[in-house]
Amino acid sequence: MTRTARLIGAPTDYGANRRGVDMGPSAIRYAGLATQLAKAGIDVEDAGDLNVPLADERAQDDSIELGDGQARFIEEVEEVSTLLADEVASALRDGATPVALGGDHSIAIGSVRGSARDADIGVVWFDAHGDFNTPSTSPSGNVHGMPLAAALGIGDFEGVEWANARGLNPENVVLVGLRDLDETEKRVIRESDVTAYTMSDIDERGITPVVEDALAVAGDDTDGVHVSLDLDWLDPKEAPGVGTPVRGGVSYREAHAALEMVATSGVLRSLELVEVNPILDQHNETAELATELAASALGKRIL
């Protein structure tokens, strides 16, 4: 049966210091996402972009208390998360695979919550960063470093209904390709029940066994897996147009191999592409790479 992908743009840049990531959805569409997916035999529905509040139109003093800490633009993040969760859940009810286009990684709060609304899900998090901070532990207050903690209800996010994904257990969360973590974040990840693979694990074992294990853990006794792909997971030489580049990421071929394994596993429930910043990009190549990887995740093959 032909898979249908529903594209949902979330043009936000609340969670980052560097502007421009809100243009990510437009850049990814312009790079030919619909065409790439159609070539893979996937029907495409484009739901357009969410009507999100603009950071420039909000108060200059944008840091708001949450629990014992501060979170920048948290009210705006809540608005977008609520809208996106509804759109993701609606796509799934209609039998489509939601593909959320960011925007900064704070949009994952909404996409994960929506995917987990009526199901038990796992998550595979392809990212250089852990995104396990909370307002109390974050050195910046930027919410793009908090979405996993928010979804799991960790720390200040405990009991925050709009942020927590009730169908997600930490035992089914897997981070892949970590290489830039805050000290407190390291401790919290170690003490949690999530599974974490660093770039050292990929170097030692290879991308195939690591992703194979990640998908098995995320998919264990769940109704499907949400895949979150932050383009800074790749090495900056491959993906220069990201807000927080970190040297030493995966290669072009490793990334494709990983996303091809997502497709062949048959567990993909929902997908998001985040942190594409066309202002920092070179000839839109990071957005083009995002379209290729999305097609791989949804079933495109070389032969």
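The following legends describe close-up views of a predicted model.

Local features require pLDDT of at least 70 and side-chain atom pairs count only at pLDDT 80 or more, while totals for chains, interfaces and linings use all residues. Residues are numbered from 1 along each chain as its sequence is written, and side-chain values use heavy atoms, with hydrogens and water left out.

**View 1. Surroundings of Asp232, listed by UniProt under "binding site" in an unreviewed entry.** Such annotations may be inferred rather than shown by experiment. Asp232 lies in the loop between strand 9 (225-230) and helix 9 (252-265); helices (H or I, at least four residues) and strands (E, at least two) are DSSP runs numbered from the N terminus. With a relative accessible area of 1%, Asp232 is buried (under 20%, 1.4 Å probe, protein chains only). Beyond neighbours within four places in sequence, its contacts (heavy atoms within 4.5 Å) include Asp127, His129 and Arg179. The side chain of Asp232 also reaches the backbone nitrogen of Ala128 at 3.3 Å.

**View 2. The aromatic pair of Tyr14 and Phe73.** The structure holds 2 aromatic pairs (ring centres of Phe, Tyr or the six-membered ring of Trp within 6.5 Å). Here the centres are 5.6 Å apart and the planes at 35 degrees, so the pair is tilted (neither under 30 degrees, stacked, nor over 60, edge-to-face). The two residues are 59 residues apart in the chain. Tyr14 is buried at 1% relative accessibility, and Phe73 is buried at 6%.

**View 3. The aromatic pair of Phe126 and Trp233.** This tilted pair measures 4.5 Å centre to centre, with 45 degrees between the planes. Phe126 belongs to strand 6 (residues 121-126) and Trp233 to the loop between strand 9 and helix 9, so the pair ties together parts 107 residues apart in sequence. Phe126 is buried, with a relative accessible area of 0%, and Trp233 is buried with a value of 0%.

Definitions and conventions. Buried < 20%, exposed > 50% of the residue type's maximum accessible area, 1.4 Å probe, protein only. Polar contact = N/O pair within 3.5 Å; in protein donor to acceptor, adjacent residues only side chain to side chain.
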